[in-house]
Amino acid sequence: MADPATIAERARTNGEGASDLNGEGPGLRDRLAPLGGLARAGGGLARAGGGLLAAGQEAAAGVAAGAARQVRQRLRADLDDRDPDWLRERLPMLWLLATIWFRGEVRNLGNIPERGPVLMVGNHSGGNVTPDTFVFTLAFSSYFGIERRFHQLAHNLVVTLPFSGSMLRPGGTVAASHKNAERVLESGAALLVYPGGDWEVHRPIWDRFKVDFAGRKGFIRLALDQDVPIVPVVSVGGQETSLFLSRGDRLARALGLDRLFRLKVLPISLAIPWGLNVGDFLGHVPLPAKITTEVLPPIDLREQFGPDPDPDEVYEHLTRVMQETLDALAAERRWPLIG
Amino acid sequence: MRLNESIVISAPPELVWDQITEGSNYLHFMSGITRWEVEDDDSRIELGTRIRMLIRVGSAEVGGLIEVVEWQPERDLAWASVTGVDQRGRWRLRETPDGRTRVELRYAYGVAGSGIPGWIAELVAAPSLGGNLRSSLHQLKRRVEHERLRAEAARRRAEREPAEA
């Protein structure tokens with residue numbers, strides 16, 4: 001029978017390698033520590049209860065270790081999970097959704113370099129449903145063809161959950177971590193990241209025209225390390241697909257969600273079909289807001305900011321350019337939803 | 001899904017053929033086309049010529065690499081997709097008894113294996129694509145007939161010049 005402390009240690013070490021793209025979040029090892037705590041707690045109960053509970057202890061510890069192993073496997077990007085044929089067969093569905101429901105419009109895709117690795121940096125909207133990602137994925141895959149490798153980084157939870165994970169991984173989505181991002185760019189693929197992540201995607205409706213990366217600059221280090229251009233991608237309309245009232249960041253902290261699941265928010269929104277929607281874990285039916293995306297010219301960081309660019313300066317420049325574009329796109333909109 | 005549009009142009013087939021085999025013309029007369037790049041240095045379209053093309057349909061610019069697979073001068077020019085969505089197209093030129101040219105533009109498209117959503121998407125895209133084909137034929141007609149008038153005017157000028165000299 002495995003010792004509970006050993007099992008807890010295994011659960012902790014299973015998290016190796018999942019460093020945060022933003023360079024500021026807790027490592028997976030820390031986040032999985034509570035599983036070890038659970039196993040230890042299970043162990044204490046088992047000793048008190050005798051032989052029957054000892055069997056229960058082993059089962060509980062086995063489940064904890066198994067879950068940790070599964071999470072670890074899914075968080076390490078296997079770029080072969082992307083299935084071009086699967087994606088190709090779903091393009092018509094995406095096209096219907098983007099054309100009829102969101103009246104999507106993606107401008108200036110020609111700004112993306114024709115070949116080679118490129119880091120596309122977008123503002124993120126629409127809660128866990130993220131319609132702007134679907135519209136952009138369709139546009140990119142149609143414009144360059146599914147033959148061009150294209151990956152997106154998504155929150156760990158979205159990639160590891162059985163349903164959403166099985167729908168997103170064949171489309172090229174991988175868990176957000178610096179290592180995964182490096183692996184994608186080293187393979188020569190195009191990569192789309194949303195530095196604002198869960199913080200930006202759940203911003204309140206009155207901040208819908210605001211670019212908010214929450215000071216996260218890990219993507220700049222990534223672009224410099226890999227020596228790839230950054231292409232800003234600015235979208236408007238996604239945040240009108242649901243009525244987010246609050247990020248619920250204090251609630252998330254109080255419940256320890258950041259430590260457990262790397263969730264900095266527990267959003268509260270009004271959404272179909274739930275009415276008052278707390279957490280948005282099951283997603284929602286997005287309102288049919290018009291989504292417009294503009295791709296800006298590529299930025300070669302060393303060419304524009306010198307041989308050793310200052311991340312703060314790059315961050316300020318990029319967010320300012322993106323905010324100005326978002327302001328211009330917002331000014332084109334005459335009505336909420338309708339666009 | 002296959003779309004088929006036709007028009008009669010008041011010009012002989014060779015003039016129409018000249019227009020549709022010059023790659024640089026397509027961005028001028030084909031509606032909805034956002035990209036048309038002949039891969040060879042020569043912009044003339046011949047058997048085996050590969051072209052990168054995109055056409056705006058709804059929320060996306062779709063297309064890919066196409067290759068000319070049939071080339072019968074002044075009669076038929078057909079292409080098929082190499083990458084991107086599955087597509088086949090054909091220019092079919094036939095001379096009418098009165099010396100004009102009946103031009104038919106056929107376009108078939110789809111995504112194999114996409115099931116019912118694919119079928120619905122093809123139906124939804126058809127009106128927009130059909131409109132683009134019709135508009136393209138009208139623009140081609142204007143272009144060719146304009147070229148014919150210019151050619152005739154040039155010929156008349158040439159005939160007058162020796163007499164005046």
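Reader: How many bridges join strand β8 of chain A to β9(A)?

Author: In this predicted model, strand β8 covers residues 268-271 of chain A and runs antiparallel to β9(A). One opposed pair is A:Ala271 with A:Gly275 of β9(A). The number of bridges joining β8 to β9(A) is four.

Reader: Which strands are the edge strands of the sheet that holds β7, β8 and β9 of chain A?

Author: The sheet is open, its order is β7-β8-β9 (chain A), and its pairing is antiparallel. An edge strand here pairs on one side only. That applies to β7 (243-246) and β9 (275-278) of chain A.

Reader: By how many degrees are neighbouring strands of this sheet turned against each other on average?

Author: The strands concerned are β7, β8 and β9 of chain A, which pair antiparallel. With direction ignored, the average turn between neighbours is 30 degrees.

Reader: Why is one side of β1 and of β4 in chain A left without a neighbour in the sheet?

Author: These strands belong to an open sheet of seven with mixed pairing, in the order β1-β10-β6-β2-β5-β3-β4 (chain A). From one strand to the next, the twist averages 25 degrees. β1 (105-107) and β4 (173-175) of chain A stand at the edges, so each has a single partner strand.

Reader: In β5(A), which residue is the bridge partner of A:Leu119?

Author: Strand β2 (residues 118-122) and strand β5 (residues 190-193) of chain A run parallel and are joined by four bridges. In β5(A), A:Leu119 has as its bridge partner A:Leu191.

Reader: Which helix of chain A packs on the sheet and touches β2, β6 and β10?

Author: The strands touched include β6 (230-236) and β10 (292-295) of chain A. The direction of the helix makes about 30 degrees with that of β6(A). The helix spans residues 311-332 and is α14 of chain A.

Reader: Are α4(A) and α5(A) parallel or oblique to each other?

Author: Their axes come within 10 Å and cross at roughly 125 degrees. Angles from 115 to 145 degrees fall outside the perpendicular and antiparallel ranges. The two helices, α4(A) and α5(A), are therefore oblique.

Reader: How many charged residues does the contact of α4(A) with α5(A) have?

Author: From α4(A) come A:Leu87, A:Leu91, A:Leu94, A:Trp95, A:Leu97 and A:Ala98. They meet A:Phe134, A:Val135, A:Thr137, A:Leu138, A:Ser141 and A:Ser142 in α5(A). By class there are nine nonpolar and three polar residues, and the charged residues number none.

Reader: Is the crossing of α8(A) and α10(A) left-handed or right-handed?

Author: Helix α8 (residues 178-186) and helix α10 (residues 218-226) of chain A pack at about 35 degrees, with axes 11 Å apart. A:His178, A:Ala181, A:Glu182 and A:Leu185 in α8(A) meet A:Gly218, A:Leu222 and A:Gln226 in α10(A). This contact has three nonpolar, three polar and one charged residues. The crossing of α8(A) and α10(A) is right-handed.

Reader: Which element gives the largest share of the side of chain A that touches chain B?

Author: The contact takes 18 residues from chain A and 17 residues from chain B. On the side of chain A, ten are nonpolar, four polar and four charged. The elements giving two or more residues to that side are α4 (84-101) and α5 (131-144) of chain A. The largest share, nine residues, comes from α4(A).

Note on methods:
Residues numbered from 1 in each chain as written. Chains lettered and ligands numbered in written order. Predicted model: local features only at pLDDT ≥ 70, side-chain atom pairs only at ≥ 80, totals over all residues. Pairing = 2+ DSSP bridges. Axes fitted to C-alpha atoms, helices over the stretch in contact; angles between N-to-C directions. Contact = placed C-beta atoms within 7 Å. Nonpolar A, V, L, I, M, F, W, Y, C, P; charged D, E, K, R; others polar. Parallel < 35°, antiparallel > 145°, perpendicular 65-115°, else oblique. Left-handed = near helix turned anticlockwise from the far one by under 90°.
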